[in-house]
Amino acid sequence: MPIKFGTDGWRAIVAEDFTFDNVRLCAQGAADLMKYHSLAYRGFVVGYDTRFASAEFAAAVAEVTAGNGIPTYLCDRTAPTPVIAYNLVAKDAGAGAVITASHNPAAYNGFKYKPDYGGSASPEIVEELEARIAAAESSSGAQRMPLAQARANGLLETFDPAPDYLNHVASFVDLAAIRNAGLDIVVDSMHGAGAGYLADLLSGGSTRVIEIRSEPNPAFPGMAQPEPLAHNLTPLIDEVEDRTADIGLATDGDADRLGVVDDDGQFLTTLQTFALLCMHQLDTLGRRGPLVRSITMTGMIDKLGAIYDVPVHETPVGFKYLGPVMMSQDALIAGEESGGYAFQGNVPERDGILSGLMLLDLMVKTDMDLADLLGELEDKVGPHHYDRLDLHFNESLRATIMARLQTAAPSTMAGLPVEQVDTQDGFRYLLEGGYWALIRFSGTEPLLRIYAEAESPEYVAMLLEEARDLAGV
């Protein structure tokens with residue numbers, strides 16, 4: 001079965017397709033890609049998360065890159081994807097890889113390839129990488145060098161990725177003000193790689209950080225997958241309520257996504273969170289520049305763009321699309337519905353830790369809690385409500401579902417006129433008033449995702465049900 005990269009990297013079930021041989025093929029393809037583009041001399045960074053055997057898979061990658069004569073920097077501990085990505089750029093490395101399946105279920109692991117800019121690989125880079133992996137598989141396979149020999153030959157260096165990253169992200173906010181704001185913050189790292197980072201950054205003042213689910217556990221107990229959505233965050237919600245905390249922050253398995261709970265234990269949708277982060281950039285900080293959003297992200301961003309007279313750029317789902325646009329437009333911020341947000345001045349990659357810091361900075365600078373900030377946002381852009389369905393389907397039905405959607409032509413949904421159908425990534429029905437519904441296949445799992453945004457929860461529920469009927473799932 002050919003190795004195919006999805007929305008961000010290649011992911012598969014451990015011991016089924018995600019094997020040491022296949023991981024080594026990925027590493028050989030990456031090494032060949034670097035050598036072809038004369039990047040090998042700059043070195044290759046390898047990192048990994050808390051999943052089953054991630055450290056061992058990362059070591060296998062390092063054996064291959066060193067075996068190809070490429071100077072290799074191997075993380076000496078688990079680390080979030082954005083931390084590894086920043087270190088790649090800080091070291092001026094030619095490329096890197098992270099062994100992680102991010103938010104996928106526990107049975108999965110993955111290989112995220114990072115070009116020299118530290119973000120997700122663009123579709124063009126992915127296509128070339130896949131071809132080189134296939135070529136390696138059909139020829140001599142992977143070249144390897146034992147790590148002890150690589151170290152002795154000066155081709156391997158291990159390093160702690162945390163210190164440089166922590167110093168870097170601290171410069172984005174008024175860290176002293178947050179530390180001394182007297183906030184009670186609950187942080188849920190969902191047994192993933194983000195544990196300890198926010199606590200380290202915010203210690204030393206009157207603000208208290210309480211960590212839960214901070215111990216690594218590759219089984220991710222109590223959740224279907226380590227994705228920071230409301231149904232996975234009951235422990236965080238309970239802890240916020242029990243402690244009457246000011247905010248709850250959750251990061252996914254590799255800490256590139258953020259979930260947020262307010263002081264009443266209410267989960268903020270990812271659309272609300274991104275809109276607040278954009279409002280922070282434009283209003284609180286008074287900055288100006290383009291905004292970038294995926295097609296699954298809220299229409300509130302377009303309304304904020306109009307209010308503050310800044311352009312808004314729309315992309316398909318995935319930072320392999322958002323990142324290149326962010327770089328080409330020198331955008332202030334980019335975000336997607338999955339809870340991934342990126343910021344100007346950092347690598348063009350999702351960063352759940354920096355996103356949490358930015359939200360705390362907004363609260364401290366305005367001296368407002370999240371409920372009041374959402375009220376201010378609604379005053380600017382009007383009411384917006386959102387929800388998503390994730391529907392498992394039998395892969396054999398994919399063509400049937402696609403055929404149904406290609407022939408569906410609804411004139412109204414939930415009683416609202418359908419003004420346009422956008423098919424750049426799935427089937428998005430643009431409705432009167434700037435609201436919408438979207439049906440698309442997941443890029444990493446056999447899931448059909450259905451999204452809706454409308455002016456009330458009742459309209460959202462109707463849109464989701466009607467979209468599900470269109471798909472016939």
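# Strands, a sheet and cavities

User: Which residue of strand 3 is the bridge partner of V45?
Analyst: That's Y73. Keep in mind that we're looking at a predicted model.

User: What makes strand 2 and strand 3 count as a pair?
Analyst: Count the bridges. Pairing needs at least two of them, and strand 2 shares 3 with strand 3 (residues 72-75), so the two count as paired. They run in the parallel sense. Another of their bridges has F44 opposite T72.

User: How does the chain get from strand 2 to strand 3, and what is the handedness of that crossover?
Analyst: The chain goes through helix 2 (residues 54-67), which makes a β-α-β crossover, and this one is right-handed. To check it, point the strands away from you: the path from strand 2 over the helix to strand 3 runs clockwise, so the name fits.

User: Which strand pairs with strand 2 over 5 bridges?
Analyst: Strand 4 (residues 95-99) does, again in the parallel sense. In that strand, F44 has A95 as its bridge partner.

User: Why is strand 2 called largely enclosed?
Analyst: Because 5 of the 5 residues in strand 2 (residues 44-48) are buried. Each of them therefore falls under the 20% cut-off for relative accessible area. In a regular strand, side chains alternate between the two faces of the sheet. Here both faces are covered, with F44, V46 and Y48 buried on one side and V45 and G47 buried on the other.

User: Are the faces of strand 3 covered or open?
Analyst: Both are covered: T72 and L74 are buried on one side, and Y73 and C75 on the other.

User: How do you know that strand 3 pairs with strand 6?
Analyst: With strand 6 (residues 156-159) there are 4 bridges, in the parallel sense. Pairing asks for at least two, so the test is passed. One bridge links C75 to F159.

User: What makes strand 13 and strand 15 edge strands in their sheet?
Analyst: That open sheet has 4 strands in the order 13-12-14-15, with mixed pairing. Strand 13 (312-315) and strand 15 (340-343) each have a single partner strand, so one side of each has no neighbour in the sheet. Ignoring direction, neighbouring strands here are turned by 15° against each other on average.

User: What joins strand 12 to strand 14 in that sheet?
Analyst: There are 3 bridges between strand 12 (residues 291-294) and strand 14 (residues 333-336), and the two run parallel. V292 stands opposite A334 in strand 14.

User: How many cavities of 30 Å³ or more are there?
Analyst: The count is 2. A cavity is a space where a 1.4 Å probe fits but cannot get out. The largest holds about 200 Å³ of space. Of its 19 lining residues, T7, R257, V317, S338 and R449 are the closest to the centre.

User: What classes of residue line the largest cavity?
Analyst: Its lining has 10 charged, 7 polar and 2 nonpolar residues.

User: And what is the second largest cavity like?
Analyst: Its volume is about 50 Å³. The residues lining this second cavity include F5, Y113 and K320. By class, the lining divides into 4 nonpolar, 4 polar and 2 charged residues.

Notes:
Residues numbered from 1 in each chain as written. Predicted model: local features only at pLDDT ≥ 70, side-chain atom pairs only at ≥ 80, totals over all residues. Heavy atoms only, no water. Buried < 20%, exposed > 50% of the residue type's maximum accessible area, 1.4 Å probe, protein only. Axes fitted to C-alpha atoms, helices over the stretch in contact; angles between N-to-C directions. 1 Å grid on protein atoms, 1.4 Å probe; cavity = no way out; pocket = protein on both sides within 12 Å on 5 of 7 lines; lining within 4 Å. Points joined across faces, edges and corners; volume = space filled by probe spheres on them. Nonpolar A, V, L, I, M, F, W, Y, C, P; charged D, E, K, R; others polar.
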